[in-house]
Amino acid sequence: MSDAAILDTLPRWDMDVVFPGPDSGEFAAAFKLLQDGIGALAGLFDQIGVQAPSSPAWRPASPDGIGRALDAYNGVYEPFGILMTYLSGLAATDSRDDAAQSRLSELQLAGVTLAQLGNRWVAWVGSQDVEALISASPVAADHAFYLRQEAHLARHLMSPEEEALAAALSTSGAGAWAKLHDTITSQIDANVMIDGESSLLPMSEIRNLAMSPDRAVRRAAFDAETSAWSLWSVPLAAAMNGIKGADNTLADRRGWRDQLDVACFQNHIDRETLDAMLDAARETFPAFRRYLKAKARLLGVEHLAWFDLFAPVGDPGRSWEWLDAVGLLEAEFSGFSGNLGGLMARAVRERWIDAGPRPGKQGGAYCAHLRGDESRVLMNFTPSFDSVSTLAHEMGHAYHNVCAGGLTPLQQSTPMTLAETASTFCETLVYEALLRQSRGSERVFMLDQSLQGSTQIVLDIISRYDFERSVFHARQERELTVAELCGMMTAAQRGTYGDSLDPDFMHPWMWAVKGHYYADGAPFYNFPYLFGLLFGLGLYARYQQEPEGFVPRYEALLRSTGMADAATLAAGFGIDLRDGAFWRASLATIISTIDRFDAAVDDILA
C-alpha cells in the first residue's frame with residue numbers, strides 16, 4: 001500500500017456532531033446564544049457592581065452576588081470553550097478553511113469582550129474580603145482556589161482603561177502574530193530529494209522523515225526543512241518580535257518582576273520549585289550526552305547530527321500500524337484502570353482522533369477539551385513507536401479531562417505543569433510494558449525510544465527555555481534579526497547538548513518550528529513539559545511501590561488540578577517539590593535507562 005493510501009485509511013475526527021459546519025444555522029444559533037450570554041453577564045456585573053475599586057459604580061460583594069456571578073461566568077465560559085475548540089480544530093486540520101477562519105476571528109472578538117469583563121471581575125474580586133466570601137457562600141467555597149488566584153492577579157492589573165485597551169488590541173497585536181505563525185507553518189511545503197527524485201511534501205511529513213532508518217533520507221529532509229524555514233524566516237521573526245515585545249511591555253506595566261514570575265503564577269508553582277527542578281536537571285547533562293555519544297557509536301558516526309536524534313536503532317519488532325497502536329494502548333490502559341482502557345475504545349468509536357498528516361494541517365499533536373468529558377486529539381501519525389507514544393500522551397490528556405468531567409470551567413482550569421501529569425504517566429505505562437516484553441535488539445530499540453523522548457524534554461526543553469530567557473532579555477532593548485534569533489537558538493542548543501552533537505548540524509530554526517514561542521500571553525511554554533515528565537515519573541514510582549488504592553487517589557489528583565497549587569497536590573503523595581531530592585530521584589530513573597542503553601551498545605559493538 002502506498003504512503004498516500006495509508007494516510008487515507010487513518011481516522012479523521014468527527015466535528016459534525018457538534019455543528020454541521022461553521023456556516024450552519026446551528027452554529028449561528030449557538031454563537032448568538034453565546035453573545036447573549038456575554039451581554040447578560042455584563043448586565044449582571046453592572047447590577048451587582050463588578051467594577052474596579054476606583055469606579056463609583058463599585059459595590060462590595062454579597063454571598064448571593066458572588067455566587068450568582070460565578071454561576072454566570074461559568075455559564076458563558078462553557079459554550080465559549082466549545083465554540084473555540086470546534087473552530088480551532090477545523091482551522092488546525094485545514095488552515096485553508098476560510099469559513100472556519102472567519103468564524104474563529106468573530107469568536108476571538110467576542111473573546112475580547114469577555115476578557116474585558118474578566119479584567120473588571122479580577123479587579124473587583126481583588127478588592128473584596130475573599131476569605132469571608134468563601135466562608136459565607138457555598139458557590140464561592142467550591143471555587144476557593146480560583147478566587148484566591150484572581151485576588152493575587154488583581155495586584156498585577158493596569159488601570160481599567162489600560163486593561164480594556166490591551167484586551168481590545170490583543171486580536172490585532174500578539175494574537176494576530178500567533179495566528180500568522182500558525183497559518184504560515186501549516187501551509188509550508190518543500191521539495192525533498194530522495195533517491196534522485198524530488199517530492200513536494202508538507203512540513204509535517206518532512207519532519208516525520210527524521211525517523212527514517214536511512215541517513216541519506218534524514219539528511220535530505222533536514223536540508224529541505226531548514227531551507228523552507230529560511231524562506232519564511234522574515235515574517236516568523238516579525239511574529240516572534242511582536243509577541244515577545246508585547247509580553248515584555250504588559251508584564252512591566254502590570255508590575256511583574258519578569259516573565260518567569262508570570263509563567264510561575266500561571267503554572268501554579270513558585271520560583272523555588274522551578275529552580276530546584278532545573279538545577280537537578282542540569283546536573284544530568286553529562287549523562288544525556290553520554291547516551292547521545294553511545295548512539296553515535298551504534299550508528300557508526302563520529303558525532304550525531306541534529307537529523308540523527310530520532311534515527312531508529314535496534315529492531316522495533318513490528319511496524320506499529322494504526323490498529324496495532326490502538327490495540328496496544330487499549331490493552332495496557334485497561335491493565336491500569338478500566339476507566340482508562342474504556343476511554344481508548346470510546347475515543348476510536350466516537351471519532352475523537354484526527355490521525356494523519358496532510359497539506360494544510362497543523363504539525364505536532366495536541367488534545368483539546370470539547371464538552372462534558374469529551375475531547376478531540378490531533379496528531380500526525382506514522383507507523384512508528386514515536387507515534388504510539390504520542391497517541392498515549394494525548395490520550396492521557398483526554399483521561400485527565402474525563403476525570404475532571406462535571407466540574408465547572410473555572411474549576412477545570414489546569415496549568416500546563418499539572419496538565420502534563422496524566423500524559424506522561426500514560427506514556428510511561430505503555431513504555432514500561434513494552435520494555436518488559438522486549439529482548440535483544442528490540443530492547444535496544446525500546447531503550448532508545450524512551451531516551452529520545454527524555455532527551456527532548458530534558459536537553460531540548462531546557463535549550464528552549466534558555467533561548468526564551470535570552471530573547472525576553474534582548475527584546476527589552478530592540479527587535480532581533482533573523483540571524484540573531486538563529487544564533488541565540490544555536491547557542492542554547494550547544495549549552496545543553498554540549499559536545500554530543502556535530503556543531504555544524506544543529507537546528508538554528510527551532511525558534512520558527514515551535515509554536516509554543518508564539519502562544520499569546522503564555523511565556524515559557526516549555527519548562528512545564530519537564531515538570532510533567534519528572535512529576536509523572538515520580539507518581540509512577542509511587543504506583544509501583546504502593547499499587548493498592550493508587551488509582552482512585554490518582555484520579556482524585558487529576559480531578560483537582562484546577563483547584564489547588566502543585567505543591568499542595570504533590571504533598572498528598574508525600575512529595576516536596578521544593579526539595580531537589582524529589583527531582584533527582586525522578587531523573588535517576590532516566591539515568592538508569594541511559595546506563596542500560598550504554599551497556600547494550602558496548603555489548604553489540606564488542
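This report describes one helix pair and three loop residues in a predicted model.

**The pair α15 and α21**

Helix α15, which spans residues 285-299, and helix α21, which spans residues 440-475, have axes that come within 10 Å and cross at roughly 135°. The two helices, α15 and α21, are therefore oblique to each other, and their crossing is left-handed. On the side of α15 the contact is made by Phe285, Phe288, Tyr291, Leu292, Lys295 and Leu298, while α21 contributes Val444, Asp448, Leu451, Gln452, Ser454, Thr455, Val458, Leu459 and Ile462. By character, the residues of this contact between α15 and α21 divide into ten nonpolar, three polar and two charged.

**The loop between α15 and α16**

Val301 lies in the loop that runs between α15 and α16, the latter covering residues 322-336. When its neighbours within four places in sequence are left aside, Val301 is in contact with Arg215 and Ala296. From Val301 to Gly580 the separation is 279 residues in sequence and 36 Å in space, taken from C-alpha to C-alpha. Trp320 is also found in the loop between α15 and α16.

**Positive phi outside glycine**

Trp320 has a positive phi although it is not a glycine, and Phe524 likewise has a positive value in a residue other than glycine. The loop that holds Phe524 is the one between α23 (510-513) and α24 (527-545). Trp320 counts as buried, and Phe524 is buried too.

| Residue | Phi | Relative accessible area |
|---|---|---|
| Trp320 | about 55° | 2% |
| Phe524 | near 55° | 2% |

Note on methods:
Residues are numbered from 1 along each chain as its sequence is written. This is a predicted model: local features need pLDDT of at least 70, side-chain atom pairs count only at pLDDT 80 or more; totals for chains, interfaces and linings use all residues. Side-chain values use heavy atoms; hydrogens and water are left out. Axes are lines fitted to C-alpha atoms, for helices over the stretch in contact, and angles run from 0 to 180 degrees between N-to-C directions. Helices (H or I, at least four residues) and strands (E, at least two) are DSSP runs, numbered from the N terminus. Angles under 35 degrees count as roughly parallel, over 145 as roughly antiparallel, 65 to 115 as roughly perpendicular and the rest as oblique. A crossing is left-handed if the near helix is turned anticlockwise from the far one by less than a right angle, and right-handed if clockwise. Contact means heavy atoms within 4.5 Å. Ala, Val, Leu, Ile, Met, Phe, Trp, Tyr, Cys and Pro count as nonpolar, Asp, Glu, Lys and Arg as charged, and the others, Gly among them, as polar. Buried means under 20% relative accessible area, exposed over 50%, partly exposed in between (1.4 Å probe, protein chains only).
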